[in-house]
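Here is a quick tour of charges, greasy spots and rings. Have the sequence and the 3D view open as you read.

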Amino acid sequence: MPSEHQLVRWDIQIMRTCTRFIVCFSLLFSLQVGVFAPRGHSALPETVGLEKPGVWIETAAYSDLAEALTFPARVEANVKVQVASEINGNVVRVLKRIGDGVQPGDTIAMIRNLQTALDYKLYRLVAPKSTPRAGVLTGQPLTIGQRVSENELLAEIIDPTNLRITTLVPQADLTRIQRAVHMTFEMGDLNQPVTLISISPTIDTKTGSAPVTLALSETSKSNKMRLLAPGSYGQVRFELPSHRSITVPFEAVVTLSQNRRTLRLEKNGAIELRDVTLGRIRGERIEILEGLKPGDRIVVKSSSYLKEGDQVTVKENDQ
Amino acid sequence: MHALYNSPFRIFVVVAMFVAAGIASALNLSLSLYPEIGKPLYTIMADYEDFTPEVFLREYGERIENKILSNVEVETLKTEYTSQTFWLKVEFRWGVSRDAAKKEIDLIVSLIKSQVPRKVSDSVRYWPDQGTRGSVYIGSIYSQKRSMVETHRIVEPILEPLLERIPELDDSSVYNPNKQSLMIDLDLKKAAIHGLTPGQVYDRLEQAFKGISAGRLRLGKEQMNVLIPPSVAAETAVPDLQSLILNEAGVKLSSVAAIRWARGEGQYAIYRTDGTDSLILWASAEGGANLKSMSDHVEEAIAEAQKRLPPDIEFRPLIDPGEYIENAILHLIIEVILAALIATVVLFLCIGSLRNTITAAIEIPLSLVSAFILMKMSGLNINLLSMGGLALAAGMNVDASVVVMENIFRHMESLPPGQQHDPRLRLNLIVTAVKEVALPVATSTLSTLAVFIPLLMTEHFAAAVLGNLALTIIFSHAFSAVVALILVPTIRLKIAGDPAPTMLMTRMSTGLLSLLQGLYLRMLRPVVRHRMVAITLVLGVIGLFIYSLGWILPDIRREIISLPDSGTLIVSLRPTGQQTMHDMAPDILGYEKEILRKYGRDATFVFTGVRNWNSFFYVRLNNRSELDRVRSELEDLLQDIPDYKVEIKPWSPSELPIPDPPDLEVRVTGGTSAERRELVREAIHTIKGERLYLRVKSDPSVEDYFDLNLRPNDLAVFELQQSDPTFSAEALGQLARMATNPEGEWITDMDHEGQTVDVRLKIVGAKIDTIDDLLALPVRQGEQILSLRSFVSPERRPQGRAIYRDNGEDVSVIEGRLKKDERDKKYAAAAQVQELLSKLPIPESISLFTEDPDKEFLSSINSLKASLIASGLIILVIGLLQFGSLTASLLVFSAVPMGIIGLVFALYLFGSVVSLNSLLGLILLAGISVNNAIIFLDFFRRYRHTFHSLEDAIMDTASKRFRPIFVTSMTTILAMLPIAMGFGEGGKTIQPLGLSVVGGLWVSGILTTFVIPALLTLTHRSGRQSVDSPGGNR
């Protein structure tokens, strides 16, 4: 006979089931709620940086932009008198050395005639009438005993005070250099103003460039020292007419999207974004074609990211 | 067994040998901060000049990516195709060894090489990724007598060869403050007049430094090497170069170039210690190398060098990973010793005589010894986690001995006083006593260990790191049962003596224990007597459990694993633009001055470096606890500076790539790459506008970079080639490249007066500041000299768009990082971002997904989830096996949620973090806390039938089991206290573990002693119980 205490009591049965259920449930709950749930009630982080970020300002202003084109250029003589032998023979005497001054009619060398049919034995190599007053002998030096033939070029006489500059300018730049307001020839420390004489009407097919000739002004005075030797290289600089425009440093421009470039302007301590159209690069700056007025205060650098309406403190005025 | 216990000599010899083996193993274990388990990461790159990114991806990239992704060892693959180069970042799974990864990567590289065109395959390069910034040794070299230049001249030839022999080093150098270069300044115009291009001069120079072997000549017995010597010899380099003939016209180098000795621009850097220029030894470790042994080897090399150097030259380590690791580990070893001492003291207070305490405590060193032997055998090393495991186990290990000893006492007390010294009787008695507890001791030890087994089977970072901890606990704890059953009885047999308490201290502690026991029983009685009180108690505990998980736990900070403390801050400053070192130096030295002014007194030293593309400060603080303050002050000081991206991090020399996920990650997929780019750009502007994040960036970058294209005028180039066959577009490129290289083109290295100098060709006389300057470079053509402009037309074009792919999928990723002390707020910040982004006009084809900021944390938790559940099941199964009843095993299991309550409160109250370690603590806690419940329940079921009323049975069990539960809990808890306090550099890492176990055990200890009786009251009928078989533990 089953005694009372051997019967399973219903309340104990329920209690057991509940305990099991609660233990299992709370374990699952712990894993889901506790560890995996996001943390709901936290506040937003403070803004990064100072309340009012520092900005570095530049005031927009028109400036004259000078653009320059530079080409390698060579010094050439304007006058070059060539002296050729009229006979076949041997050089027997050299009277003028390379670099010596030569006047018209001066004898440069004596040549012994080898052709007996002619009536004189010694031939004078003479500087022709066209020789300039300040002429200087150049070319290959003559040697005594040297064999020369008829019509052989034996000497060149140039005027070192009468020089010109030649350069080759690519087709695309020809029209631009014609607008040049100022031209200089530079060689080492030398810096000489030059003027445009001529531009070849034909383009060299090999190089796609046209020869351009320039005149050295004040050559006669300055080249007494013979600083410029014909044949030497330097460069010609064509300064193009300046035009008035506003430029800003590269880093001031913010690309908001592919078609939207903006500048950040500072007005009474607040930021205003201004869409602009960019022009060409000028050295380390970029030209602004549209959107900027002189007097606008442009943010060049800032200590943190800026958006429309942000309050800022001006750190430095780049004026 | 009789024979075993009766021949102590044999046992002692075995133990002695064992200890010797243990000490030998311990001394041979290598040292590192973290377990030497890595996640190898390789970078592969190659150039494909002839392809656009899109074409290369379509033709080759996709196929290569698929092949790599099909490799099972590879976990993630990130690829980037930029305008000329492709980058592959191959990340292996956790636990792939460096050698295995190397082998796989070799396969992958040869696969890539076989797929791509020849030219691309020749340019393939790959390297293992460097670890953190911590993997570098920096020392300063100084002399009171000599100048820096002179010191360098003496030190370098001695130290450098010694450093080169160190296998762990990737790169090492003694920074030369006055490195010389032989500069050949080529005058471009003079060269042009002589018809020489810079390229021709370069080729001629390169050739001039090379000798030509002309075979060997045998003359009788002698053999001579026949050589055409180089035209330029190192000893007479300058005159040789001056008279070097460059072309058939006999032009000499001296007529187109000037030759001079110059300070090597390329090598130039500024290094300063506390504001003065210093001579610096810089040694960086290979990725994944053991930093401790790297540092040791560097210091050996320094010591070796010092023997040969004049005594006035001194070394001072600035950044020394080895020293740091040693200190961190040393602190943990002290914690292990402290834990052992505390356990011993607690034992002494609780069980009585000194002899008995020593008998039980002998277990602690022996368990350590066994752990060391097993660690050596299984290839573990000494690191923060394995030492942490030993420290944790120290307190647990005495439990088995306590149980065995207690049983021996009980039996001895039953002997008549006169017979206590009869050896035969004693032996029999001890054998009986040990046999009685052998099974329970073995099973309870096994059950503690069993919970760790699932952990060892998971993969992922969690197991890789925690595996070491679990293994050392298993190694030391498993052996404790062996010691308890063999050695303890043997020693006990030899010690004849009165087990009764003899000292005042012991009497006091016994008094205290009885007092506590009385208090406990008085409080327990109403719970057992009144059903309603029991129900209220159980419901209260359940409520507390739900409250702690639902409300307190979410408020606790989360971290994957806490990093060790560091007393050194690294401030790195990267320029936002292309500023060189010279541009940066004034700024950086200004900040240095500021830092020195503000923190000069707090800092042991401030080490400054200014180099091209990056500058940095290392600030070593006198007091480690100041780190957070100084860090946040430096963040305030430096975050508002323009022109630099600033990053401030504590220095930590860890070989382990601990995941450091961003606080915000938005993935943009779908659409064309141009559409994505525009959207990402807009999104970045929106996110930056809120100024919530310290840094926001995207992959691929949306910043505009421009190329200057010099498009050749093909006709002009062809015409020129007709007259000059050497002329080509390549020659034009070379001209422009050399003219724009301010450091000059490197020709060769040369020995000069015992030092290596480089020879460089630099173009002078053409200062290039603008595009026009570049185009004015002279190019000779026949008799004429033209400008570069004649052959090319310039064009400024945006750089080709990079393609970024993540595991083979086109994606753009936006990442944001919060300030360090505000990282708790990442959820709110991410929610804010999500709301802002939803307002953007997003094209339909594009989807934008904000990742859970805790993704990385959750995935490591998830990897542990399975082992948590498995451990729980194991506990249930052990309960079932032991008691043969589900109710009983659930009762045992109820100790786990009670432990969790304690764990959560402890973490919350002590401001610790929820991390992998605290979850490991949970597993450990589960293993230990159920033991108390098992002891209680086992006793209850054994003696239930002897009592008429349930109340009496429970009260009797409670009074008998209070003492053992109290003693074992106290030893375990108190021994873990040093860990819970988190001392030392490495303390932070395992502190959450100690805290969670200590907190959990306290609470579960107290609650079990009340809740289990309450649950028993509720689940068992009153009166004599006979349905459940008594003593299920058969």
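Keep in mind that this is a predicted model. Let's begin on chain B, where B:L512 sits in helix α19, residues 504–529. With a relative accessible area of 52%, B:L512 is exposed, because the bar for that word is over 50%. B:L512 also has company: together with B:L515, B:L516, B:L519 and B:M523 it makes a nonpolar surface patch of about 490 Å².

There is a charged patch to look at as well. Which residues form the negative surface patch? The answer takes in both chains: A:E46 from chain A, plus B:D628, B:D821 and B:D824 from chain B. To find B:D824, go to the loop of chain B that runs between β29 (812–817) and α27 (826–838). B:D824 has a relative accessibility of 32%, so it counts as partly exposed.

**Salt bridges**

Side chains of opposite charge can pair when their charged atoms come close. Over all chains, the structure holds 45 salt bridges. Three of them are set out here, with the N to O distance for each.

| Salt bridge | N to O distance |
|---|---|
| A:R176 with A:D173 | 3.4 Å |
| B:E635 with B:R631 | 4.0 Å |
| B:K839 with B:E835 | 3.9 Å |

Take the chain A pair to start with. A:R176 and A:D173 are three residues apart in helix α2 (residues 171–178) of chain A, so about one helical turn separates them. A:D173 has a relative accessible area of 6%, which means it is buried.

Over in chain B, the partners B:E635 and B:R631 both belong to helix α22 (residues 627–638), where they are four residues apart, about one turn of the helix. Are B:E635 and B:R631 buried or exposed? Both of these residues are buried.

The pair B:K839 and B:E835 has its closest N and O atoms 3.9 Å apart. B:K839 comes out at 61% relative accessibility and so counts as exposed, whereas B:E835, at 47%, counts as partly exposed. Salt bridges can also link up through shared partners: that is how A:K267, A:E272, A:R274, A:K293 and A:D296 end up in one network.

**Aromatic rings**

Now for the rings. How many aromatic pairs does a search of the whole structure find? Over all chains, the count is 21. One of the ring pairs is A:F71 with A:F238: the ring centres are 5.9 Å apart and the planes meet at 65°, so the pair is edge-to-face. This pair links distant parts of chain A, since A:F71 belongs to strand β2 (residues 62–77) and A:F238 to strand β14 (residues 233–249), with their positions 167 residues apart. Both A:F71 and A:F238 are buried.

Chain B has a pair with another geometry to look at. The rings of B:Y48 and B:F56 have centres 4.3 Å apart and planes at 10°, so this pair is stacked. B:Y48 and B:F56 are both buried. If you follow the ring pairs outward from there, you pick up a cluster made of B:Y48, B:F51, B:F56, B:Y60, B:Y81 and B:F86.

Note on methods:
Residues numbered from 1 in each chain as written. Chains lettered and ligands numbered in written order. Predicted model: local features only at pLDDT ≥ 70, side-chain atom pairs only at ≥ 80, totals over all residues. Heavy atoms only, no water. Patch = residues over 30% accessible without salt bridge, like charges linked within 9 Å, V, L, I, M, F, W, Y side chains within 5 Å. Areas by Shrake-Rupley, 256 points an atom, 1.4 Å probe, with all protein chains shown as cover. Salt bridge = Lys/Arg side-chain N within 4 Å of Asp/Glu carboxyl O. Lys, Arg positive; Asp, Glu negative; His and termini not counted. Charge placed at Lys NZ, Arg CZ, Asp CG, Glu CD. Helix = DSSP H or I, 4+ residues; strand = E, 2+ residues; numbered from the N terminus. Buried < 20%, exposed > 50% of the residue type's maximum accessible area, 1.4 Å probe, protein only. Phe/Tyr/Trp six-rings, centres within 6.5 Å; stacked < 30°, edge-to-face > 60°.
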